Amino acid sequence: MDDRTKQQQHDAKIRYKNRMKLIHAYNRGDRQAQRQRYALTHKTQVRASILIKNAVHEGRLKKPRKCYLCEVVVPEGYEMFIVGHHPDYRSLLKVIWVCVMCHNEIHLCLKNWR
Ligand SMILES: [Zn+2]
Ligand SMILES: [Zn+2]
């Protein structure tokens, strides 16, 4: 790995951490209320995410550290920032792995045309 790629990876990590800080600042406060609302209105999604969590835990699914969309690679120990998105809730074990930022964007876009 040459110095430039190293520098780029470093920059990506910093950018990523800053983005995360923003999200956390935004979510602080009513995060729990948000989560409860979500659980009530998104039963299929919640069930699907539990299924994925279990599958990863049992080794049936492998969770990468790279976002499928923006290709950010999260540092070791930051795997929780990569989440499985379901393009189709009829096949619950088929997911694309994206970072939470891209995941938010996916769902914002979905909301706009659904
Ligand atoms: Zn991403
Ligand atoms: Zn999703």
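**Exercise 1. Classify Ala12 by its surroundings, then place Ala12 in the fold.**

*Solution.* Start with the count: Ala12 has 15 other C-beta atoms within 10 Å, so Ala12 is partly exposed. A residue would need 20 or more such atoms to be buried, and 12 or fewer to be exposed. Next, find the element: Ala12 belongs to helix α1, residues 3-27. Finally, look across the chain to Val98, which is 86 residues from Ala12 in sequence and 15 Å away, C-alpha to C-alpha.

**Exercise 2. Describe the overall architecture, and say how far the coordinates can be trusted.**

*Solution.* Keep in mind that this is a predicted model. Begin with the elements: there are four helices and two strands in the chain, and along the sequence they run α-α-α-β-β-α. For the dimensions, the C-alpha atoms fill a box of roughly 50 × 35 × 30 Å along the principal axes. Of the 114 residues, 12% are buried. Now take the contacts between residues at least 6 apart in sequence: 48% of them join residues at least 24 apart.

Turn to confidence. The average pLDDT of the chain is 87, and 93% of the residues score at least 70. Element by element, helix α2 (residues 31-41) has the lowest mean pLDDT, 79, while β2 has the highest, 96. A general caution applies here: where pLDDT is low, predicted coordinates should not be read in detail.

**Exercise 3. Check the length of helix α3 against its expected span, then follow the backbone beyond it.**

*Solution.* Helix α3 covers residues 43-57, which is 15 residues. The span to expect is 1.5 Å times one less than the number of residues, so for α3 it should be 21 Å. The end C-alpha atoms are 21 Å apart, in agreement with that value. Just after α3 comes Gly59, with a positive phi of about 80 degrees.

Further on, Glu71 sits in the loop between α3 and β1. Glu71 also has a positive phi, of about 65 degrees, although it is not a glycine. Because Glu71 has 10 C-beta neighbours inside 10 Å, it counts as exposed.

**Exercise 4. Find the residues at the heart of the largest nonpolar core, and the elements that supply it.**

*Solution.* The core has 13 residues, and those touching the most other members are Cys67, Val72, Val74, Ile82, Val98 and Cys99. Two elements, β1 (82-85) and β2 (96-99), give two or more residues each. The largest share, three residues, comes from β2. As a general background, nonpolar side chains tend to be buried together in soluble globular proteins.

Now zoom in on Val74. Leaving out residues up to four places away in sequence, Val74 touches Tyr16, Arg65, Glu79, Phe81, Ile82 and Cys99.

**Exercise 5. Contrast the settings of Ile96 and Leu108.**

*Solution.* Take Ile96, a residue of strand β2. Its 15 C-beta neighbours inside 10 Å make Ile96 partly exposed. Beyond four places in sequence, Ile96 touches Tyr68, His85 and Pro87. The C-alpha atoms of Ile96 and Cys67 are separated by 8.7 Å, with their positions 29 residues apart along the chain.

Then take Leu108, found in helix α4, residues 100-113. Leu108 has 9 other C-beta atoms within 10 Å, so Leu108 is exposed. From Leu108 to His42 the C-alpha separation is 15 Å, and the two are 66 residues apart along the chain.

Conventions. Residues are numbered from 1 along each chain as its sequence is written. Chains are lettered from A and ligands numbered from 1 in the order in which they are written. A nonpolar core is a set of buried Ala, Val, Leu, Ile, Met, Phe, Trp, Tyr and Cys residues joined through C-beta atoms within 7 Å. Two residues are in contact if their C-beta atoms, placed from the backbone, lie within 7 Å. pLDDT is the predictor's confidence in each residue, from 0 to 100.
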